[in-house]
Amino acid sequence: MSSPVIFPFKKLIGINPEEDTPVYLQIAQSMIHLIRNGHLPTNYKLPGTRTLSELLGVHRKTVVAAFNELEMQGWIIVLANKGCFIKNKKAEAVTGQLVSYPNLTGFSISNNTLLETTSDNIASRISFDDGQPDMRLAYSEQLAARYSASLGRKIGRRLWSYQPGGENTFFRNQLTNFLNSTRGLRATPKNIVSTRGTEMNLYLAAQTLLSANDWVIVGNPSYHKANMVFQQAGAVLKSVLVDYNGIDVDAIKKICKRQPIKMVYITPHYHYPTTVPLSTERRLQLLELSYRFGFIILEDDYDYDFCFNSNAELPLASIDNKGMVVSIGSFCKTLAPGFRTGFIVAPENLVKEINKLKAIIDSNGDLMMEQVLGEMIAEGEISRHLKKAHQTYRDRRDHFCNQLNKMLHSKVDYKLPPGGLAVWLPFQTRLNLSKVAKACLARSLNLPTTLLYQTKDLTAIRLGFASFNETESIAALRTLKKAIETQTA
(Lines give C-alpha, C1' and ligand atoms only; values in the text may rest on other atoms or scores of the structure.)
Protein backbone atom coordinates (compact mmCIF):
# COMPACT_ATOMS: atom_id res chain seq x y z
CA MET A 1 0.00 0.00 0.00
CA SER A 2 1.96 3.03 -1.26
CA SER A 3 -0.11 6.08 -2.13
CA PRO A 4 1.15 8.49 0.54
CA VAL A 5 0.40 11.77 -1.19
CA ILE A 6 -3.29 10.93 -1.52
CA PHE A 7 -3.81 10.69 2.27
CA PRO A 8 -4.86 14.11 3.71
CA PHE A 9 -2.00 14.43 6.18
CA LYS A 10 -2.14 18.24 6.31
CA LYS A 11 -5.83 18.16 7.22
CA LEU A 12 -5.60 15.38 9.84
CA ILE A 13 -2.31 16.21 11.53
CA GLY A 14 -2.84 19.25 13.70
CA ILE A 15 0.11 21.51 14.51
CA ASN A 16 -0.15 24.43 16.92
CA PRO A 17 3.10 26.44 17.28
CA GLU A 18 1.66 28.14 20.39
CA GLU A 19 1.53 24.88 22.39
CA ASP A 20 4.26 23.96 24.87
CA THR A 21 4.52 20.50 23.29
CA PRO A 22 7.31 20.38 20.67
CA VAL A 23 6.07 20.28 17.08
CA TYR A 24 7.69 16.90 16.38
CA LEU A 25 5.74 15.38 19.32
CA GLN A 26 2.52 16.95 18.09
CA ILE A 27 3.08 15.25 14.72
CA ALA A 28 3.93 11.92 16.39
CA GLN A 29 0.87 12.06 18.69
CA SER A 30 -1.45 12.91 15.80
CA MET A 31 -0.12 9.98 13.77
CA ILE A 32 -0.51 7.59 16.75
CA HIS A 33 -4.14 8.71 16.98
CA LEU A 34 -4.64 7.99 13.26
CA ILE A 35 -3.04 4.54 13.62
CA ARG A 36 -5.14 3.60 16.66
CA ASN A 37 -8.34 4.59 14.87
CA GLY A 38 -7.45 2.62 11.77
CA HIS A 39 -6.96 5.59 9.44
CA LEU A 40 -3.38 4.46 8.86
CA PRO A 41 -3.68 0.68 8.52
CA THR A 42 -1.06 -2.00 9.09
CA ASN A 43 1.80 -2.00 6.53
CA TYR A 44 0.80 1.39 5.17
CA LYS A 45 3.87 3.09 3.59
CA LEU A 46 4.34 6.61 4.86
CA PRO A 47 5.55 9.44 2.63
CA GLY A 48 9.25 10.29 2.85
CA THR A 49 10.42 12.84 5.37
CA ARG A 50 11.07 15.47 2.66
CA THR A 51 7.60 14.98 1.13
CA LEU A 52 5.81 15.04 4.50
CA SER A 53 7.71 18.12 5.65
CA GLU A 54 6.51 19.97 2.53
CA LEU A 55 2.91 18.78 3.10
CA LEU A 56 2.92 19.93 6.73
CA GLY A 57 4.94 23.08 6.17
CA VAL A 58 7.66 22.21 8.71
CA HIS A 59 11.40 21.62 8.58
CA ARG A 60 12.48 18.18 7.44
CA LYS A 61 14.43 17.66 10.70
CA THR A 62 11.12 18.05 12.59
CA VAL A 63 9.56 15.18 10.60
CA VAL A 64 12.73 13.08 11.10
CA ALA A 65 12.39 13.62 14.87
CA ALA A 66 8.70 12.64 14.73
CA PHE A 67 9.53 9.44 12.81
CA ASN A 68 12.29 8.63 15.33
CA GLU A 69 9.74 9.00 18.14
CA LEU A 70 7.22 6.74 16.35
CA GLU A 71 9.90 4.13 15.70
CA MET A 72 11.09 4.23 19.31
CA GLN A 73 7.51 3.70 20.57
CA GLY A 74 7.04 0.83 18.13
CA TRP A 75 4.41 2.37 15.86
CA ILE A 76 6.44 2.27 12.65
CA ILE A 77 9.25 0.22 11.21
CA VAL A 78 12.03 1.71 9.00
CA LEU A 79 13.31 -0.56 6.24
CA ALA A 80 16.52 0.43 4.46
CA ASN A 81 16.01 1.51 0.83
CA LYS A 82 12.25 0.82 1.15
CA GLY A 83 10.79 3.43 3.48
CA CYS A 84 8.74 3.70 6.67
CA PHE A 85 5.76 1.41 7.32
CA ILE A 86 3.04 1.13 9.98
CA LYS A 87 3.93 -1.89 12.10
CA ASN A 88 1.79 -5.02 11.98
CA LYS A 89 -0.43 -6.01 14.92
CA LYS A 90 2.04 -8.55 16.25
CA ALA A 91 4.67 -5.84 16.53
CA GLU A 92 2.16 -3.49 18.16
CA ALA A 93 1.44 -6.06 20.86
CA VAL A 94 5.11 -6.54 21.57
CA THR A 95 5.66 -2.82 22.06
CA GLY A 96 2.65 -2.55 24.37
CA GLN A 97 0.57 -0.31 22.08
CA LEU A 98 -2.85 -1.94 22.34
CA VAL A 99 -5.93 -1.42 20.25
CA SER A 100 -7.82 -3.67 22.72
CA TYR A 101 -6.68 -5.71 25.69
CA PRO A 102 -5.96 -9.42 24.98
CA ASN A 103 -8.65 -11.91 25.96
CA LEU A 104 -6.17 -14.76 26.40
CA THR A 105 -2.61 -15.05 27.65
CA GLY A 106 0.11 -15.67 25.11
CA PHE A 107 1.46 -18.39 27.38
CA SER A 108 -0.17 -21.52 28.77
CA ILE A 109 -1.77 -21.55 32.23
CA SER A 110 -3.42 -24.34 34.17
CA ASN A 111 -7.18 -24.22 34.69
CA ASN A 112 -7.74 -24.56 38.44
CA THR A 113 -11.03 -26.43 38.60
CA LEU A 114 -10.47 -27.04 42.31
CA LEU A 115 -11.14 -23.40 43.21
CA GLU A 116 -14.14 -22.94 40.94
CA THR A 117 -17.25 -21.93 42.84
CA THR A 118 -20.86 -22.00 41.79
CA SER A 119 -22.43 -18.57 41.95
CA ASP A 120 -26.04 -17.94 41.02
CA ASN A 121 -26.23 -14.37 39.76
CA ILE A 122 -29.97 -14.56 39.28
CA ALA A 123 -32.37 -11.67 39.65
CA SER A 124 -35.42 -12.83 41.59
CA ARG A 125 -37.97 -11.31 43.88
CA ILE A 126 -36.67 -13.22 46.89
CA SER A 127 -33.75 -15.57 47.49
CA PHE A 128 -32.80 -18.19 50.04
CA ASP A 129 -29.28 -18.09 51.48
CA ASP A 130 -27.18 -20.37 53.69
CA GLY A 131 -27.78 -18.42 56.90
CA GLN A 132 -26.84 -14.80 56.33
CA PRO A 133 -27.84 -12.00 58.71
CA ASP A 134 -30.51 -9.48 57.73
CA MET A 135 -28.78 -6.36 56.43
CA ARG A 136 -31.80 -4.35 57.56
CA LEU A 137 -30.71 -5.15 61.12
CA ALA A 138 -27.05 -4.41 60.50
CA TYR A 139 -25.15 -1.95 62.63
CA SER A 140 -24.48 0.23 59.59
CA GLU A 141 -25.50 3.66 60.91
CA GLN A 142 -23.50 3.29 64.13
CA LEU A 143 -20.51 1.95 62.20
CA ALA A 144 -20.65 4.84 59.76
CA ALA A 145 -20.88 7.40 62.56
CA ARG A 146 -17.96 5.89 64.46
CA TYR A 147 -15.86 5.52 61.33
CA SER A 148 -16.45 9.16 60.42
CA ALA A 149 -15.61 10.28 63.94
CA SER A 150 -12.37 8.27 63.94
CA LEU A 151 -11.30 9.85 60.67
CA GLY A 152 -11.44 13.29 62.26
CA ARG A 153 -9.25 12.41 65.24
CA LYS A 154 -5.46 12.35 65.31
CA ILE A 155 -5.45 8.60 65.96
CA GLY A 156 -7.48 8.15 62.76
CA ARG A 157 -5.04 10.10 60.62
CA ARG A 158 -2.14 8.12 62.07
CA LEU A 159 -3.82 4.81 61.20
CA TRP A 160 -3.88 5.68 57.52
CA SER A 161 -0.11 5.27 57.43
CA TYR A 162 1.84 2.03 57.70
CA GLN A 163 2.09 0.81 61.27
CA PRO A 164 4.98 -1.18 62.77
CA GLY A 165 4.03 -4.85 62.34
CA GLY A 166 0.75 -3.84 60.68
CA GLU A 167 -1.08 -3.98 64.01
CA ASN A 168 -3.58 -1.90 65.91
CA THR A 169 -2.52 -2.65 69.48
CA PHE A 170 -5.65 -1.12 70.97
CA PHE A 171 -7.89 -3.35 68.88
CA ARG A 172 -5.93 -6.50 69.61
CA ASN A 173 -6.16 -5.85 73.34
CA GLN A 174 -9.91 -5.25 73.14
CA LEU A 175 -10.42 -8.31 70.93
CA THR A 176 -8.52 -10.43 73.45
CA ASN A 177 -10.77 -9.20 76.26
CA PHE A 178 -13.88 -9.91 74.18
CA LEU A 179 -12.88 -13.45 73.27
CA ASN A 180 -11.82 -14.29 76.82
CA SER A 181 -15.07 -13.01 78.30
CA THR A 182 -17.44 -14.56 75.71
CA ARG A 183 -15.62 -17.82 74.95
CA GLY A 184 -13.80 -18.66 78.16
CA LEU A 185 -10.35 -18.41 76.59
CA ARG A 186 -7.20 -17.56 78.53
CA ALA A 187 -5.53 -15.79 75.65
CA THR A 188 -3.18 -12.82 75.66
CA PRO A 189 -2.74 -10.38 72.76
CA LYS A 190 0.27 -12.46 71.70
CA ASN A 191 -2.13 -15.31 70.92
CA ILE A 192 -4.23 -13.26 68.47
CA VAL A 193 -3.95 -12.69 64.71
CA SER A 194 -6.44 -10.20 63.24
CA THR A 195 -7.61 -11.06 59.71
CA ARG A 196 -10.16 -10.16 57.04
CA GLY A 197 -12.63 -12.95 57.81
CA THR A 198 -13.22 -16.69 57.66
CA GLU A 199 -11.77 -17.36 54.20
CA MET A 200 -8.54 -15.58 55.08
CA ASN A 201 -8.41 -17.50 58.36
CA LEU A 202 -8.65 -20.79 56.49
CA TYR A 203 -6.04 -19.78 53.93
CA LEU A 204 -3.50 -18.60 56.53
CA ALA A 205 -4.01 -21.72 58.65
CA ALA A 206 -3.79 -24.11 55.70
CA GLN A 207 -0.70 -22.50 54.18
CA THR A 208 1.07 -22.39 57.54
CA LEU A 209 0.11 -25.79 58.91
CA LEU A 210 -0.31 -28.11 55.92
CA SER A 211 2.12 -29.70 53.50
CA ALA A 212 1.59 -31.80 50.39
CA ASN A 213 -0.17 -35.14 51.07
CA ASP A 214 -1.05 -34.30 54.69
CA TRP A 215 -4.33 -35.95 55.66
CA VAL A 216 -7.13 -33.66 56.83
CA ILE A 217 -10.38 -35.00 58.26
CA VAL A 218 -13.57 -33.07 57.53
CA GLY A 219 -17.23 -33.76 58.16
CA ASN A 220 -19.56 -35.39 55.65
CA PRO A 221 -21.21 -33.18 54.53
CA SER A 222 -18.92 -30.22 55.20
CA TYR A 223 -18.03 -26.62 54.29
CA HIS A 224 -17.02 -26.66 50.62
CA LYS A 225 -14.77 -23.57 50.75
CA ALA A 226 -12.71 -25.02 53.58
CA ASN A 227 -12.30 -28.24 51.60
CA MET A 228 -11.05 -26.30 48.57
CA VAL A 229 -8.53 -24.35 50.64
CA PHE A 230 -7.12 -27.52 52.22
CA GLN A 231 -6.83 -29.29 48.87
CA GLN A 232 -5.19 -26.25 47.29
CA ALA A 233 -2.54 -26.51 50.02
CA GLY A 234 -1.89 -30.08 48.85
CA ALA A 235 -3.79 -31.93 51.58
CA VAL A 236 -5.65 -35.20 51.15
CA LEU A 237 -9.22 -34.99 52.49
CA LYS A 238 -10.89 -37.79 54.39
CA SER A 239 -14.59 -37.24 55.16
CA VAL A 240 -16.23 -38.64 58.28
CA LEU A 241 -19.97 -38.93 58.83
CA VAL A 242 -21.76 -36.25 60.84
CA ASP A 243 -24.85 -37.39 62.77
CA TYR A 244 -27.12 -35.69 65.31
CA ASN A 245 -24.26 -35.58 67.84
CA GLY A 246 -21.75 -34.04 65.45
CA ILE A 247 -18.76 -35.57 63.72
CA ASP A 248 -18.19 -39.30 64.40
CA VAL A 249 -15.19 -39.32 66.73
CA ASP A 250 -15.01 -43.13 66.86
CA ALA A 251 -14.52 -43.12 63.08
CA ILE A 252 -11.72 -40.56 63.48
CA LYS A 253 -10.04 -42.82 66.04
CA LYS A 254 -10.11 -45.78 63.63
CA ILE A 255 -8.51 -43.67 60.88
CA CYS A 256 -5.79 -42.45 63.24
CA LYS A 257 -4.83 -46.03 64.04
CA ARG A 258 -4.26 -46.72 60.33
CA GLN A 259 -2.97 -43.43 58.98
CA PRO A 260 -1.14 -40.36 60.36
CA ILE A 261 -3.56 -37.42 60.47
CA LYS A 262 -2.34 -33.82 60.36
CA MET A 263 -5.57 -31.95 61.05
CA VAL A 264 -9.25 -32.30 61.89
CA TYR A 265 -11.44 -29.39 60.79
CA ILE A 266 -14.64 -28.87 62.76
CA THR A 267 -17.43 -26.32 63.19
CA PRO A 268 -18.41 -27.68 66.60
CA HIS A 269 -21.01 -25.14 67.69
CA TYR A 270 -23.38 -25.59 64.72
CA HIS A 271 -21.87 -27.85 62.08
CA TYR A 272 -21.92 -26.51 58.54
CA PRO A 273 -24.20 -27.41 56.82
CA THR A 274 -26.25 -29.63 59.14
CA THR A 275 -26.42 -27.13 62.09
CA VAL A 276 -25.91 -29.86 64.73
CA PRO A 277 -23.63 -29.13 67.73
CA LEU A 278 -20.79 -31.44 68.63
CA SER A 279 -21.80 -33.13 71.88
CA THR A 280 -19.85 -32.57 75.09
CA GLU A 281 -18.77 -36.21 75.18
CA ARG A 282 -17.43 -36.11 71.64
CA ARG A 283 -15.63 -32.81 72.24
CA LEU A 284 -13.71 -34.32 75.10
CA GLN A 285 -13.01 -37.50 73.14
CA LEU A 286 -11.74 -35.52 70.14
CA LEU A 287 -9.43 -33.42 72.30
CA GLU A 288 -8.07 -36.55 73.95
CA LEU A 289 -7.46 -38.12 70.52
CA SER A 290 -5.52 -35.05 69.40
CA TYR A 291 -3.26 -35.41 72.44
CA ARG A 292 -2.78 -39.10 71.76
CA PHE A 293 -2.21 -39.00 67.98
CA GLY A 294 -0.80 -35.48 67.65
CA PHE A 295 -3.20 -33.99 65.10
CA ILE A 296 -4.25 -30.33 65.01
CA ILE A 297 -7.85 -29.39 65.72
CA LEU A 298 -8.81 -26.43 63.53
CA GLU A 299 -11.87 -25.14 65.36
CA ASP A 300 -14.10 -22.82 63.31
CA ASP A 301 -16.03 -20.45 65.58
CA TYR A 302 -18.89 -20.45 63.05
CA ASP A 303 -22.18 -18.99 64.41
CA TYR A 304 -20.96 -19.12 68.02
CA ASP A 305 -22.63 -15.79 68.81
CA PHE A 306 -26.07 -17.13 67.86
CA CYS A 307 -26.84 -19.76 70.49
CA PHE A 308 -30.56 -19.86 71.35
CA ASN A 309 -30.30 -22.33 74.23
CA SER A 310 -29.03 -21.56 77.70
CA ASN A 311 -26.48 -24.40 77.77
CA ALA A 312 -24.05 -23.12 75.15
CA GLU A 313 -20.86 -25.14 74.86
CA LEU A 314 -17.59 -23.25 75.13
CA PRO A 315 -14.99 -23.76 72.37
CA LEU A 316 -12.52 -26.61 72.63
CA ALA A 317 -9.80 -23.97 72.78
CA SER A 318 -11.09 -23.00 76.24
CA ILE A 319 -10.18 -26.41 77.69
CA ASP A 320 -7.09 -27.25 75.62
CA ASN A 321 -3.99 -27.18 77.85
CA LYS A 322 -1.53 -28.69 75.38
CA GLY A 323 -1.77 -26.28 72.46
CA MET A 324 -3.47 -28.63 69.97
CA VAL A 325 -6.44 -26.37 69.10
CA VAL A 326 -6.29 -23.47 66.65
CA SER A 327 -9.45 -21.38 66.82
CA ILE A 328 -10.71 -19.17 63.98
CA GLY A 329 -13.70 -16.82 63.76
CA SER A 330 -15.02 -13.52 62.46
CA PHE A 331 -17.37 -10.59 63.06
CA CYS A 332 -18.83 -10.85 59.55
CA LYS A 333 -22.18 -12.14 60.79
CA THR A 334 -22.13 -10.33 64.09
CA LEU A 335 -22.19 -6.95 62.33
CA ALA A 336 -22.52 -7.46 58.56
CA PRO A 337 -21.01 -9.75 55.89
CA GLY A 338 -19.14 -6.80 54.39
CA PHE A 339 -17.47 -6.10 57.74
CA ARG A 340 -14.35 -8.12 56.97
CA THR A 341 -12.74 -8.57 60.37
CA GLY A 342 -11.77 -11.96 61.74
CA PHE A 343 -9.33 -13.58 64.13
CA ILE A 344 -7.12 -16.59 64.72
CA VAL A 345 -6.33 -17.69 68.28
CA ALA A 346 -3.31 -19.96 68.68
CA PRO A 347 -0.17 -20.57 70.74
CA GLU A 348 2.38 -17.76 70.42
CA ASN A 349 4.91 -19.64 68.29
CA LEU A 350 2.24 -20.42 65.66
CA VAL A 351 0.98 -16.82 65.74
CA LYS A 352 4.49 -15.67 64.81
CA GLU A 353 4.54 -18.02 61.80
CA ILE A 354 1.07 -17.01 60.63
CA ASN A 355 2.00 -13.34 60.92
CA LYS A 356 4.97 -13.91 58.60
CA LEU A 357 2.58 -15.01 55.85
CA LYS A 358 0.02 -12.37 56.69
CA ALA A 359 2.71 -9.67 56.42
CA ILE A 360 3.14 -10.60 52.77
CA ILE A 361 -0.50 -10.80 51.66
CA ASP A 362 -2.09 -8.20 53.95
CA SER A 363 0.65 -6.29 55.72
CA ASN A 364 -1.42 -3.49 57.26
CA GLY A 365 -4.96 -4.87 57.36
CA ASP A 366 -7.83 -2.44 57.91
CA LEU A 367 -6.48 -0.55 60.90
CA MET A 368 -9.20 2.10 60.81
CA MET A 369 -12.04 -0.43 60.94
CA GLU A 370 -10.20 -2.29 63.69
CA GLN A 371 -10.06 0.95 65.66
CA VAL A 372 -13.82 1.37 65.31
CA LEU A 373 -14.49 -2.23 66.35
CA GLY A 374 -12.12 -1.92 69.30
CA GLU A 375 -14.00 1.15 70.54
CA MET A 376 -17.34 -0.65 70.14
CA ILE A 377 -16.05 -3.59 72.20
CA ALA A 378 -14.61 -1.33 74.88
CA GLU A 379 -17.87 0.60 75.27
CA GLY A 380 -20.10 -2.49 75.26
CA GLU A 381 -21.85 -1.71 71.96
CA ILE A 382 -21.06 -5.09 70.43
CA SER A 383 -22.64 -6.89 73.36
CA ARG A 384 -25.76 -4.71 73.24
CA HIS A 385 -26.12 -5.20 69.49
CA LEU A 386 -25.70 -8.97 69.81
CA LYS A 387 -28.33 -9.15 72.54
CA LYS A 388 -30.88 -7.33 70.39
CA ALA A 389 -30.09 -9.29 67.22
CA HIS A 390 -30.08 -12.55 69.19
CA GLN A 391 -33.71 -12.14 70.23
CA THR A 392 -34.81 -11.14 66.73
CA TYR A 393 -33.16 -14.15 65.12
CA ARG A 394 -34.51 -16.53 67.74
CA ASP A 395 -38.04 -15.28 67.02
CA ARG A 396 -37.44 -15.69 63.29
CA ARG A 397 -36.15 -19.23 63.80
CA ASP A 398 -39.25 -20.18 65.76
CA HIS A 399 -41.59 -18.65 63.20
CA PHE A 400 -39.75 -20.20 60.25
CA CYS A 401 -39.81 -23.66 61.81
CA ASN A 402 -43.48 -23.36 62.73
CA GLN A 403 -44.22 -22.65 59.09
CA LEU A 404 -42.05 -25.61 58.06
CA ASN A 405 -44.11 -27.86 60.30
CA LYS A 406 -47.33 -26.60 58.73
CA MET A 407 -46.23 -26.81 55.10
CA LEU A 408 -43.61 -29.56 54.80
CA HIS A 409 -43.92 -31.78 57.89
CA SER A 410 -44.75 -34.86 55.81
CA LYS A 411 -41.80 -34.40 53.47
CA VAL A 412 -38.85 -33.42 55.68
CA ASP A 413 -37.26 -34.87 58.78
CA TYR A 414 -35.51 -32.06 60.64
CA LYS A 415 -34.67 -30.91 64.14
CA LEU A 416 -35.08 -27.41 65.56
CA PRO A 417 -31.57 -25.92 65.38
CA PRO A 418 -30.33 -24.88 68.84
CA GLY A 419 -28.41 -22.01 67.28
CA GLY A 420 -27.09 -20.54 64.08
CA LEU A 421 -29.02 -18.82 61.32
CA ALA A 422 -30.11 -21.76 59.13
CA VAL A 423 -32.16 -24.95 59.14
CA TRP A 424 -31.06 -28.32 57.73
CA LEU A 425 -33.83 -30.10 55.81
CA PRO A 426 -33.24 -33.78 54.95
CA PHE A 427 -36.07 -35.08 52.75
CA GLN A 428 -37.81 -38.34 53.55
CA THR A 429 -38.15 -39.25 49.88
CA ARG A 430 -35.88 -38.83 46.87
CA LEU A 431 -36.28 -35.59 44.94
CA ASN A 432 -34.46 -34.00 42.04
CA LEU A 433 -33.33 -30.85 43.83
CA SER A 434 -32.14 -29.20 40.62
CA LYS A 435 -35.67 -29.44 39.23
CA VAL A 436 -37.04 -28.10 42.52
CA ALA A 437 -34.71 -25.10 42.20
CA LYS A 438 -35.87 -24.47 38.62
CA ALA A 439 -39.50 -24.68 39.69
CA CYS A 440 -38.78 -22.15 42.45
CA LEU A 441 -37.11 -19.78 40.01
CA ALA A 442 -40.12 -19.98 37.71
CA ARG A 443 -42.08 -18.59 40.67
CA SER A 444 -39.55 -15.78 41.35
CA LEU A 445 -37.77 -17.55 44.22
CA ASN A 446 -34.04 -18.21 43.93
CA LEU A 447 -32.85 -21.45 45.54
CA PRO A 448 -29.06 -21.34 44.94
CA THR A 449 -27.35 -24.56 43.95
CA THR A 450 -24.88 -24.08 46.84
CA LEU A 451 -27.74 -24.88 49.24
CA LEU A 452 -28.54 -28.21 47.60
CA TYR A 453 -26.99 -31.46 48.90
CA GLN A 454 -27.77 -34.46 46.76
CA THR A 455 -25.91 -37.76 46.70
CA LYS A 456 -27.02 -41.36 46.40
CA ASP A 457 -27.55 -41.39 50.17
CA LEU A 458 -28.67 -37.83 50.86
CA THR A 459 -31.29 -35.37 49.65
CA ALA A 460 -31.21 -32.20 51.75
CA ILE A 461 -31.32 -28.41 51.62
CA ARG A 462 -29.75 -25.84 53.94
CA LEU A 463 -32.11 -22.88 54.32
CA GLY A 464 -31.22 -19.63 56.03
CA PHE A 465 -34.05 -17.98 57.94
CA ALA A 466 -32.40 -14.92 59.48
CA SER A 467 -32.66 -12.62 56.45
CA PHE A 468 -36.47 -13.08 56.17
CA ASN A 469 -39.11 -11.31 58.20
CA GLU A 470 -42.30 -13.25 58.94
CA THR A 471 -44.12 -12.23 55.77
CA GLU A 472 -41.11 -13.07 53.58
CA SER A 473 -40.50 -16.46 55.19
CA ILE A 474 -44.14 -17.49 54.65
CA ALA A 475 -43.99 -16.46 50.99
CA ALA A 476 -40.67 -18.25 50.43
CA LEU A 477 -41.79 -21.49 52.09
CA ARG A 478 -45.10 -21.52 50.22
CA THR A 479 -43.23 -21.21 46.94
CA LEU A 480 -40.81 -23.95 47.97
CA LYS A 481 -43.73 -26.20 48.88
CA LYS A 482 -45.34 -25.71 45.46
CA ALA A 483 -42.02 -26.41 43.73
CA ILE A 484 -41.59 -29.65 45.71
CA GLU A 485 -45.14 -30.71 44.93
CA THR A 486 -44.41 -30.45 41.20
CA GLN A 487 -41.79 -33.18 41.72
CA THR A 488 -43.87 -35.44 43.97
CA ALA A 489 -47.23 -35.21 42.23
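## Aromatic rings, salt bridges and pockets

Hi everyone. Let me start with three phenylalanines: F178, F331 and F343 form one aromatic cluster. Before I go further, please keep in mind that this is a predicted model.

Let's stay with the rings for a moment. The count of aromatic pairs comes to nine. I'll walk you through two of them. In one, the ring centres of F400 and F465 are 6.2 Å apart and the planes stand at 40°, so this pair counts as tilted. Where do F400 and F465 lie? F400 sits in helix α15, residues 381–408, while F465 is in the loop between β15 (459–464) and α17, so the pair ties together parts that are 65 residues apart in sequence. And are they buried or exposed? F400 is buried, at a relative accessible area of 0%, and F465 counts as buried too, at 1%.

The other pair is W424 with Y453. Here the centres are 5.2 Å apart and the planes are at 70°; angles over 60 degrees count as edge-to-face, so W424 and Y453 make an edge-to-face pair. W424 belongs to strand β12 (residues 422–426) and Y453 to strand β14 (residues 452–454), so this contact ties together parts that are 29 residues apart in sequence. Both residues are buried. Please remember W424 and Y453, as they come back later in the talk.

Rings also meet charges here. The charged end of K322 sits over the ring of Y291, at 4.8 Å from the ring centre. Likewise, K415 has its charged end over the ring of Y244, 4.9 Å from the centre.

Now to the salt bridges. How many does the structure hold? There are 11 of them, and I've picked three to show you.

Let's take E472 and R136, which form a salt bridge with their closest N and O atoms 2.9 Å apart. E472 is in helix α17 (residues 470–488), and R136 is in the loop between β3 (126–127) and α6 (140–152), so the bridge ties together parts that are 336 residues apart in sequence. E472 has 23% relative accessibility, so E472 counts as partly exposed. These two also have partners: D134, R136, R396 and E472 are linked in a network of salt bridges.

Next come D362 and R196, whose side chains meet in a salt bridge at 3.2 Å, N to O. D362 lies in the loop between α13 (348–361) and α14 (367–378), and R196 in the loop between β4 (192–195) and α9 (198–209), so here the parts tied together are 166 residues apart in sequence. D362 counts as buried, at 13% relative accessibility, whereas R196 is partly exposed, at 31%.

The last bridge on my list is of a local kind, between K356 and E353, at 2.9 Å from N to O. Both residues lie in helix α13, three residues apart, which is about one turn of the helix. K356 is exposed, at 51% relative accessibility, and E353 is partly exposed, at 38%.

Let me finish with the empty spaces. Rolling a probe the size of a water molecule over the atoms shows where empty space is left.

The largest pocket holds about 810 Å³ of space. Its lining has 35 residues, and those closest to the centre are D130, Q132, E199, Y223 and K333. Which elements each supply at least two residues of this lining? They are α9, α10 (224–232) and β10 (325–330). By class, the lining of the largest pocket has 12 nonpolar, 12 polar and 11 charged residues.

In the second largest pocket there is about 650 Å³ of space. It is lined by 25 residues, and here our edge-to-face pair returns: nearest the centre lie N220, P221, W424, Y453 and L458. Two or more residues of this lining come from each of β5 (215–220), α10, β6 (236–243), β12 and β14. The largest share, four residues, is from β6. How does the lining of the second largest pocket divide by class? There are 10 nonpolar, 12 polar and three charged residues.

If you'd like one thing to look for in the model, try W424 and Y453: both are buried, and both are among the residues nearest the centre of the second largest pocket. Thanks for listening!

Conventions: Residues numbered from 1 in each chain as written. Predicted model: local features only at pLDDT ≥ 70, side-chain atom pairs only at ≥ 80, totals over all residues. Heavy atoms only, no water. Salt bridge = Lys/Arg side-chain N within 4 Å of Asp/Glu carboxyl O. Buried < 20%, exposed > 50% of the residue type's maximum accessible area, 1.4 Å probe, protein only. Phe/Tyr/Trp six-rings, centres within 6.5 Å; stacked < 30°, edge-to-face > 60°. Lys NZ or Arg CZ within 6 Å of the ring centre and 35° of its normal. 1 Å grid on protein atoms, 1.4 Å probe; cavity = no way out; pocket = protein on both sides within 12 Å on 5 of 7 lines; lining within 4 Å. Points joined across faces, edges and corners; volume = space filled by probe spheres on them. Nonpolar A, V, L, I, M, F, W, Y, C, P; charged D, E, K, R; others polar.
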